[in-house]
Amino acid sequence: MTTETAIEVVGLTKSYSDNAVLRGVDLSVPAGSIFALLGSNGAGKTTIVRILSTLLKADDGTATVNGCDVATNSAEVRRSISLTGQFAAVDEILTGRENLALIARLRRLKDREAIADDLLAQFDLTDAASRRVATYSGGMRRRLDIAMSLIGNPPVLFLDEPTTGLDPQARLEVWATVRELAGHGTTVLLTTQYLDEAEQLADRIAILHQGRIIADGTLAELGKLLPPAKVEYVEKQPTLEEIFLMIVGHDDRRAVGSKS
Amino acid sequence: MRTDVASNTIALLGRSLRHILRSPDTIITTALTPIAMLSLFVYVLGGAIRTGSGRYVDYLLPGILLITIASGIAYTALRLFTDVSTGIFERLQSMPIARSALLWGHVLTSLVANLISLVLVVLVALLMGFRSGAGLLAWLAVLGILVLFTLALTWLAVIPGLTAKSVDGAGAFSYPLVFLPFISSAFVPTSGMPGPVRWFAEHQPVTSIVNTIRDLYAEQPVGNNGWIAIAWCAGTLLVAYTLAMHTYHRKIS
């Protein structure tokens, strides 16, 4: 892993009226890694992603992406990122190929047809390329959605709950895609409420709970947070689920429903 | 940056024109209601309405054109609402493109779609006996006023498009606009209305716009009405654009 930092967040706060969603978040994401932001509904995951992708201004604190400040240099940040939001942001009336060509055209790229054809093949959508997206399954939409985010090869990719609402098969497909991207040097910040997803994909995991990062490290480092005594009696590694529930405690219901 | 705005706007205009091409019902529905109203008033109610010496369809058409636009711009709110609710809005806002291009793409789409609907309505009116000796300049003046009116109402439609919580909410704002022509000189002369209603009818924007278009078609001098109509349209456009941009900037920051 390189020592370069792709995303640096310091003391980020955000409130909606008197509801404090982020209460001082610090994050550091090494370039080329997969970083999972893990948390329950309403923990503030989407709020962080929206601030990092210049859709929302933080109340306080700083965030830089690829060396550019998201608040003061947002246009430059948008050049190096791509956002895949919680719901597949695809145009239902257009075909899969037209969706890809539109993004390529907006990014003012040449060879739009070739770009679209390559991505359609890469995401196994060639057969459906000329069909309207309205006829696509949930998994196909998500694949198209991610494919659209890759146009222009942005070095930093935000995936906000990329597998929520997908069936297990589609989920595995998305995982394979994310791994491949990171293999090519793309920095991926993904949010998830699925513990196994973080466990499977991420180089580093941060646990966001009630607007604060309460744990941050590799899976092995997080594992050390459990009391070692347990290892003597149980001959298995603690699952991330156990770690998560241990450190967030049982009062996380309070945060539910305040999702932005 | 300027070329970005133009290039991005054209790309997004192409996208929503393709939407219209694939579901032409948006244009047909927009034209159908005014055409039905035109038929109802010309063939059923019009016989009992005294408007002076000319054909009633000639009297009626300008108001019907405004109703066409007022119902057509609801689709701008709906299209924008769909983009916001599906996440396409956020996707585009997080891309390195001119951020206002999405709004301009929708506004220009509204202009094109409404002009097509207007042509359909005028063609039907011609079949019903509408005639005008107006020259090219007068037709261009009518076109100019209708374009200004469309732009003003479209920017107004941008506001619910960005802020609505449901599809119904996004569309509902246009109902009062569709009904405004009924309390104006669009269907009957204002002189027969009781005091306060008459005052309202004579001072609301639709009457001056309708009278201006009517005079242009009848080859009559437009007089002060023309300036009042332009002032209403330009004023509404300015206020609507400012409010829409304010709403937009609040949404993206």
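The following exchange concerns the strands of chain A and a helix pair of chain B in a predicted model. Local features need pLDDT of at least 70, side-chain atom pairs count only at pLDDT 80 or more, and totals for chains, interfaces and linings use all residues. Residues are numbered from 1 along each chain as its sequence is written, with chains lettered from A and ligands numbered from 1 in the order in which they are written.

Visitor: Are the residues on the two faces of strand β6 of chain A buried or exposed?

Guide: Strands are DSSP runs (E, at least two residues), numbered from the N terminus. A residue is buried if 20 or more other C-beta atoms, placed from the backbone, lie within 10 Å of its own. A:Ile81 and A:Leu83 on one side of β6(A), and A:Ser82 and A:Thr84 on the other, are all buried.

Visitor: Which residue stands opposite A:Leu83 in β7(A)?

Guide: Two strands pair if DSSP finds at least two bridges between them. β6(A) and β7(A) (residues 156–160) pair in the parallel sense over 4 bridges. Opposite A:Leu83 stands A:Phe158.

Visitor: How are α7(B) and α11(B) oriented to each other?

Guide: Helices are DSSP runs (H or I, at least four residues), and axes are lines fitted to C-alpha atoms over the stretch in contact, with angles from 0 to 180 degrees between N-to-C directions. The axes of α7(B) (residues 136–163) and α11(B) (residues 205–217) come within 9 Å and cross at roughly 160°. Angles over 145 degrees count as roughly antiparallel. The two helices α7(B) and α11(B) are therefore roughly antiparallel.

Definitions and conventions: A residue is buried if 20 or more other C-beta atoms lie within 10 Å of its own, exposed if 12 or fewer, and partly exposed in between; C-beta atoms are placed from the backbone. Angles under 35 degrees count as roughly parallel, over 145 as roughly antiparallel, 65 to 115 as roughly perpendicular and the rest as oblique.
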